[in-house]
Amino acid sequence: MTAAAPDGARRLSRRWCLGGVAAAALGAALPRQARAGAQIEEPLIDSVRSALSSAIQNGAPPVPEFGSTEARLTYLRWLGEMSERLKKKLPDWPTRKEFLQTVWYESKRSGLEISLVLGLIQVESNFRKFAVSSAGARGYMQVMPFWTRVIGDGDPSKLFHMQTNLRFGCVILRHYLNQEQGDLFMTLGRYNGSRGRAPYPDAVFANQRFWVFKDRRPD
């Protein structure tokens, strides 16, 4: 037979439960923060800083260029399929098209797998343009503001601009990939500020699978 809890314990338990409910309600009412971590500021040698600064210049809108008609058709098939997959996250077609076109362009520009970048964005911000993490990372790819000071013009508000955010994120990810000599596991951990730990890379790899494109050419 289980003994009844003392009155004090029952009151404490009731207060704890009510506090939990209130906290949950408050959490639901507040803007959602990104749950990912953040890059850690590291000293950069001048040549690396110069190369990264150069890589983020040129703010012209991304315009896909193709060497052949088939390449263009492959891109259009990719765009159509990714658009369907992303529709629930970004319901507005013009926004969705601009986003996918920019991800395609910036991923290619940095020599990254597009599916990897999309998987990272899903983990980092869940495709929310104005996401802000508890560490202060901003935008789709959760770029830390210090990067705008280190390799940009020092204006962190620009990290909420679509192309700027994706440009910074892809350039930084490419930089880390070079630093880690092609090791994606360590690269992703470094991007997240959790280098060497598995949860973040595993989450990105799991989400990446959803964004892999298997081209089915028409007969």
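This report describes the confidence, the nonpolar core and one buried serine of a predicted model.

**Confidence.** The mean pLDDT of the protein chain is 85, and 83% of the residues score at least 70. Among the elements of the chain, the extremes of mean pLDDT are as follows.

| Element | Rank in mean pLDDT | Mean pLDDT |
|---|---|---|
| Helix H1 (residues 7-29) | lowest | 36 |
| Helix H5 | highest | 98 |

Residues 1-32 have a pLDDT below 50, and in the model this stretch makes two contacts beyond near neighbours in sequence. Where pLDDT is low, the predicted coordinates should not be read in detail.

**Nonpolar core.** The largest nonpolar core comprises 46 residues; those touching the most other members are Trp78, Phe99, Leu118, Ile121, Met141, Trp147 and Tyr191. At least two residues of this core come from each of helices H2 (46-56), H3 (69-86), H4 (93-110), H5 (114-124), H6 (146-151), H7 (162-179), H8 (184-192) and H9 (199-208). Helix H7 supplies the largest share, nine residues. In soluble globular proteins, nonpolar side chains tend to be buried together.

Trp78 belongs to this core. Residues up to four places away in sequence aside, Trp78 touches Leu100, Trp104, Ile114, Leu118 and Phe213. Of these partners, Leu118 is also listed among the core members with the most contacts to other members.

**Ser110.** Helix H4 contains Ser110. Ser110 counts as buried because its relative accessible area is 9%, and the cut-off for buried is under 20%. When neighbours within four places in sequence are left aside, Ser110 is in contact with Cys170, Val171 and Arg174.

Definitions and conventions. Residues numbered from 1 in each chain as written. Predicted model: local features only at pLDDT ≥ 70, side-chain atom pairs only at ≥ 80, totals over all residues. Heavy atoms only, no water. Core = buried A, V, L, I, M, F, W, Y, C linked by side-chain atoms within 4.5 Å. Buried < 20%, exposed > 50% of the residue type's maximum accessible area, 1.4 Å probe, protein only. Helix = DSSP H or I, 4+ residues; strand = E, 2+ residues; numbered from the N terminus. Contact = heavy atoms within 4.5 Å. pLDDT = per-residue confidence, 0-100.
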